[in-house]
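Thanks for coming. I have one structure to show today, so please look at the screen and I will walk through a few parts of it.

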Number of protein chains: 2
Amino acid sequence: MTDAEPDRETTVGELSEGQILRGILDRLPPSRALVGPGDDAAVLAVPDGRVVATTDTLVHGPDFRLAWSSPFDLGFKAGAVNLADVAAMGARPIALLVALAMPDTTTLAFVRGFADGLAAACAELAPDCAVEGGDLTVSDTLTIAVTALGSLDGRDPVRRSGARVGDGVHVIGELGEAARGLDVLFQRFVDADGAPVALTDEARAALDPADAKALSRQLAPRPPLAEALRAAASGATAMMDISDGLALDATRLADASGVTIAIDSTALGDDPARALGGGEDHGFLVTFPPNAETLGRRIGSVQQRGAAAIEVDGAAWTGRAGWDPYRDWDAGRG
Amino acid sequence: MTDAEPDRETTVGELSEGQILRGILDRLPPSRALVGPGDDAAVLAVPDGRVVATTDTLVHGPDFRLAWSSPFDLGFKAGAVNLADVAAMGARPIALLVALAMPDTTTLAFVRGFADGLAAACAELAPDCAVEGGDLTVSDTLTIAVTALGSLDGRDPVRRSGARVGDGVHVIGELGEAARGLDVLFQRFVDADGAPVALTDEARAALDPADAKALSRQLAPRPPLAEALRAAASGATAMMDISDGLALDATRLADASGVTIAIDSTALGDDPARALGGGEDHGFLVTFPPNAETLGRRIGSVQQRGAAAIEVDGAAWTGRAGWDPYRDWDAGRG
């Protein structure tokens with residue numbers, strides 16, 4: 001532990017837990033809780049007597065490469081993917097709890113950039129949300145476990161199981177952009193052995209605009225939370241975060257609701273296969289009853305349950321179903 | 001992914017996320033939530049409009065060794081330490097969210113044992129609590145990130161900052177037992193190079209009863225949650241979980257309250273230094289006003305703030321302050 005004022009290159013192994021924590025808390029929005037960080041637990045107000053809670057983890061290797069993700073992007077993504085799960089229930093995010101397990105070689109610059117990204121995700125996507133608690137641990141593997149909490153503000157939660165025959169199926173947000181961004185990374189930012197090489201600002205600037213946008217969506221997704229909350233208020237019968245690819249997530253919604261979702265591929269943009277199979281977009285799949293004021297774009301309709309959970313252009317979908325970390329990770333890091 | 005019925009030795013790398021999840025959910029208590037596992041997020045009832053939330057992570061290496069901790073013990077400990085933080089606010093635990101990042105070589109037997117330990121911690125320590133959500137990820141480093149949520153049931157939260165001059169200082173639970181158990185492990189269950197060797201049932205049975213009890217407290221702590229909740233109801237002015245050693249945690253409580261805590265070492269059992277410096281007991285440090293009905297045993301009193309945050313037998317404490325993962329971990333696993 002050093003007593004000198006830590007600089008950017010100081011590693012967390014040279015700092016006390018309290019010093020690391022100060023490097024984080026100083027950069028986050030102020031607590032909005034009844035009891036914020038610093039006690040055994042936070043206490044949060046949820047005036048309607050119900051709290052929405054979800055947790056999601058980013059692990060170095062299967063979920064990100066440090067050669068590609070800046071600390072800011074990682075903080076932003078860790079916040080955004082959890083905020084999206086809260087909004088997918090129709091709830092307004094009110095708090096994050098952030099457990100950070102870091103190698104002792106992690107620099108204070110990383111910690112500060114990560115905190116800035118978390119703060120930006122809250123400011124941009126969920127302005128009522130602050131980081132109200134967390135945990136710091138040392139680990140060989142950089143691991144970011146975030147819990148997000150939300151308030152329904154008197155509304156009913158919008159579940160996966162509420163889709164009804166005759167509802168329209170809509171997507172709020174983009175499809176396939178994050179997967180396209182991942183392709184850009186694995187095709188252009190690896191060396192001859194397939195190991196990731198650093199994604200510099202210069203290299204990003206040299207990409208064509210569509211690839212650059214896709215890359216940015218992969219590294220720091222911007223789920224349209226405000227629209228998801230408007231969809232809930234507008235009478236959405238079912239809603240979920242599209243995180244593992246439209247085909248797999250629509251299958252889950254169809255199974256939960258006991259229906260078949262019929263998708264029109266012409267509504268899926270210029271690469272329907274990528275839109276169906278590519279994960280990590282963190283848009284929202286929503287069903288609306290016939291007379292509701294809808295949001296997003298219509299991609300199909302809810303039908304009586306048939307042989308398949310989803311149909312694309314009238315046929316069962318036989319393409320890639322989605323991402324499974326236990327099958328699809330190549331064990332690389334970088 | 002295998003289609004055959006998985007057996008105990010099947011690894012999670014051979015299974016889908018859904019198959020792993022079924023191996024966990026089947027062994028847990030039934031959901032008590034408004035919306036339980038299976039949607040984007042859980043929805044929990046907290047009738048008084050406030051929710052208590054905390055998160056704590058166990059990482060392979062700094063926090064446990066697989067040669068020493070059974071899967072059951074790990075599940076129990078991961079639950080217990082988080083439940084204790086909720087109870088330390090005076091709240092009744094109502095839900096856990098469990099994020100599990102596992103190497104793909106982890107066996108289904110491990111996953112099942114872990115789930116059994118989590119279930120036992122809920123049943124024994126917090127019978128209103130169930131696992132209402134979670135996340136599975138692959139990782140090189142086994143990492144268990146748990147979030148616990150609780151309900152105050154109309155009571156005020158018991159904070160660290162509420163201790164007042166004249167209050168009695170009490171400890172509910174044991175002091176130094178978990179540290180003694182850790183000493184037993186590092187002194188008797190390592191090889192000539194200091195690497196951990198397997199802790200067999202036979203080896204545990206051969207320990208003298210006091211060492212065996214200390215070992216069991218280290219591997220699967222039993223925080224006295226019911227007594228902590230009774231202390232809150234009985235008018236405790238401040239309370240916290242003793243996780244990093246009495247000396248360090250009493251310093252935190254004294255600093256938060258702006259007081260000095262005067263400790264009488266004769267109240268600390270037969271090894272006061274271990275009671276003061278040893279972490280992971282997960283008992284509760286509580287201050288009671290003079291006329292309250294107290295719980296636990298009195299170890300000292302709250303005094304006006306002096307030069308030191310804590311005094312032991314009238315002098316500042318100069319012994320070991322407590323555990324800091326970024327300074328104290330030797331980078332070993334096993």
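In chain A, A:M102 stands opposite A:V138, which belongs to strand 4 of chain A. This is a predicted model. Strand 4 of chain A and strand 3, residues 92–102 of chain A, pair in the parallel sense, with eight bridges between them.

Now the sheet that holds these strands. It is an open sheet of five strands, in the order 4(A)-3(A)-5(A)-2(A)-1(B), and the pairing is mixed. Which are the edge strands? They are strand 4 (130–138) of chain A and strand 1 (42–45) of chain B, each pairing on one side only. On average, neighbouring strands of this sheet are turned by 20° against each other, ignoring direction. Helix 1, residues 17–25 of chain A, packs on the sheet and touches strand 3 and strand 4 of chain A. The direction of helix 1 makes about 145° with that of strand 4 of chain A.

Next, strand 2 of chain B. Strand 2 covers residues 50–59, and nine of its 10 residues are buried, so this strand is largely enclosed by the rest of the structure. Strand 1 of chain A, residues 42–45, runs antiparallel to strand 2 of chain B, and four bridges join them. Here A:A45 has B:R50 as its bridge partner. Strand 2 of chain B also pairs with strand 5 of chain B, residues 143–151, in the antiparallel sense over eight bridges. In that pairing, B:D56 is matched with B:V146.

On to two helices of chain A. The axes of helix 2 (residues 71–87) and helix 3 (residues 108–125) come within 6 Å and cross at roughly 40°. That angle makes helix 2 of chain A oblique to helix 3 of chain A. The crossing is right-handed. Residues making the contact include A:F72, A:F76 and A:L83 from helix 2 of chain A, and A:F110, A:F114 and A:L118 from helix 3 of chain A.

Last, a single residue, A:T237. It lies in the loop between helix 7 (225–233) and strand 7 (238–242) of chain A. Is A:T237 buried or exposed? A:T237 is buried, because its relative accessible area is 13%, and buried means under 20%. What does its side chain make polar contacts with? One partner is the side chain of A:D167, at 2.7 Å, and another is the side chain of A:T287, at 2.6 Å. Leaving out residues up to four places away in sequence, A:T237 touches several residues, among them A:V158, A:R159, A:F288 and A:P289.

Key:
Residues numbered from 1 in each chain as written. Chains lettered and ligands numbered in written order. Predicted model: local features only at pLDDT ≥ 70, side-chain atom pairs only at ≥ 80, totals over all residues. Heavy atoms only, no water. Buried < 20%, exposed > 50% of the residue type's maximum accessible area, 1.4 Å probe, protein only. Polar contact = N/O pair within 3.5 Å; in protein donor to acceptor, adjacent residues only side chain to side chain. Contact = heavy atoms within 4.5 Å. Pairing = 2+ DSSP bridges. Axes fitted to C-alpha atoms, helices over the stretch in contact; angles between N-to-C directions. Parallel < 35°, antiparallel > 145°, perpendicular 65-115°, else oblique. Left-handed = near helix turned anticlockwise from the far one by under 90°.
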